[in-house]
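Before any charged contact in a model is used for further work, it helps to know which side chains take part and how they sit relative to the solvent. The briefing below goes through the salt bridges of one chain in that spirit.

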Amino acid sequence: MTIDFIPIKTDDKHTVLNLFKEAAEKIASMNIDHWQYWKNPPAEKVEWVEEGIRNNEFFFVKSGGELIGMVRILEEDWLYWGEQKDKALYVHSLVVKEEYGGKGVGRDVLEKVENRAKAEGCKYLRLDADSKNHKLCGYYEKQGFKKVGIKEVTLSVSNLYEKEL
């Protein structure tokens with residue numbers, strides 16, 4: 001499947017929040033307590049989305065013009081990783097719409113971001129995953145990411161993963 005990253009604009013905030021809500025509902029149906037705050041996001045999470053859109057960090061993932069998900073790509077991640085000496089890209093908010101799950105979209109998104117990171121001379125591709133979501137953590141490990149730490153933030157405890165490029 002060929003995918004494209006389309007920058008998300010301010011007018012698309014509602015679609016972004018709906019994608020988060022749909023993901024939270026799917027995760028809840030699997031009896032996993034992860035991202036449940038996206039069902040009714042607190043102001044700080046809405047502001048986090050708005051900031052990411054303003055900074056051109058959020059992208060819709062499309063295939064053939066069809067919206068299949070989204071991803072946020074950062075050049076620095078102060079909240080989870082703090083100051084880092086090695087150049088890296090950071091993946092957040094990787095959401096694949098339910099009807100496209102299991103079709104390799106997540107892998108394709110990570111590969112596309114990895115290729116960008118390599119082209120930009122990054123040493124690492126990094127991301128975090130809620131430590132209670134064992135399935136997601138295992139997925140990232142299967143994609144070649146290694147757990148290198150744990151970070152506790154206001155709404156969750158996350159495992160920190162990186163992939164050396």
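**Salt bridges in a predicted model**

Asp33 has a relative accessibility of 49% and therefore counts as partly exposed, a class that lies between buried (under 20% relative accessible area) and exposed (over 50%), computed with a 1.4 Å probe on protein chains only. The model is predicted, so local features need a pLDDT of at least 70 and side-chain atom pairs count only at pLDDT 80 or more, whereas totals for chains, interfaces and linings use all residues. Residues are numbered from 1 along each chain as its sequence is written, and side-chain values use heavy atoms, with hydrogens and water left out.

**Confidence**

- The chain averages a pLDDT of 95, and 100% of the residues score at least 70; pLDDT is the predictor's confidence in each residue, on a scale from 0 to 100.
- Among the elements of the chain, strand E1 (residues 4-7) has the highest mean pLDDT, at 98, and helix H3 (residues 78-81) the lowest, at 94; helices (H or I, at least four residues) and strands (E, at least two) are DSSP runs, numbered from the N terminus.

**Salt bridges with partly exposed partners**

- The count comes to 10 salt bridges, where a salt bridge is a side-chain nitrogen of Lys or Arg within 4 Å of a carboxyl oxygen of Asp or Glu.
- Lys132 and Asp33 form one of them, with an N to O distance of 3.4 Å, and this pair links distant parts of the chain, 99 residues apart, since Lys132 lies in the loop between strand E5 (124-130) and helix H5 (134-142) while Asp33 lies in the loop between H1 and H2.
- Lys132 has a relative accessible area of 41% and is partly exposed.
- Lys13 and Glu50 meet in a salt bridge at 2.7 Å, N to O, which connects helix H1 (residues 13-29) with helix H2 (residues 43-54) across 37 residues.
- Lys13 counts as partly exposed at 26% relative accessibility, and Glu50 counts as partly exposed at 26%.

**A salt bridge with buried partners**

- The side chains of Arg72 and Glu57 form a salt bridge at 2.5 Å, N to O, with Arg72 in strand E3 (residues 66-74) and Glu57 in the loop between H2 and strand E2 (58-63), 15 residues apart.
- Arg72 counts as buried because its relative accessibility is 2%, and Glu57 counts as buried at 13%.

**A network**

- Salt bridges also link Glu75, Arg116 and Glu120 in a network.
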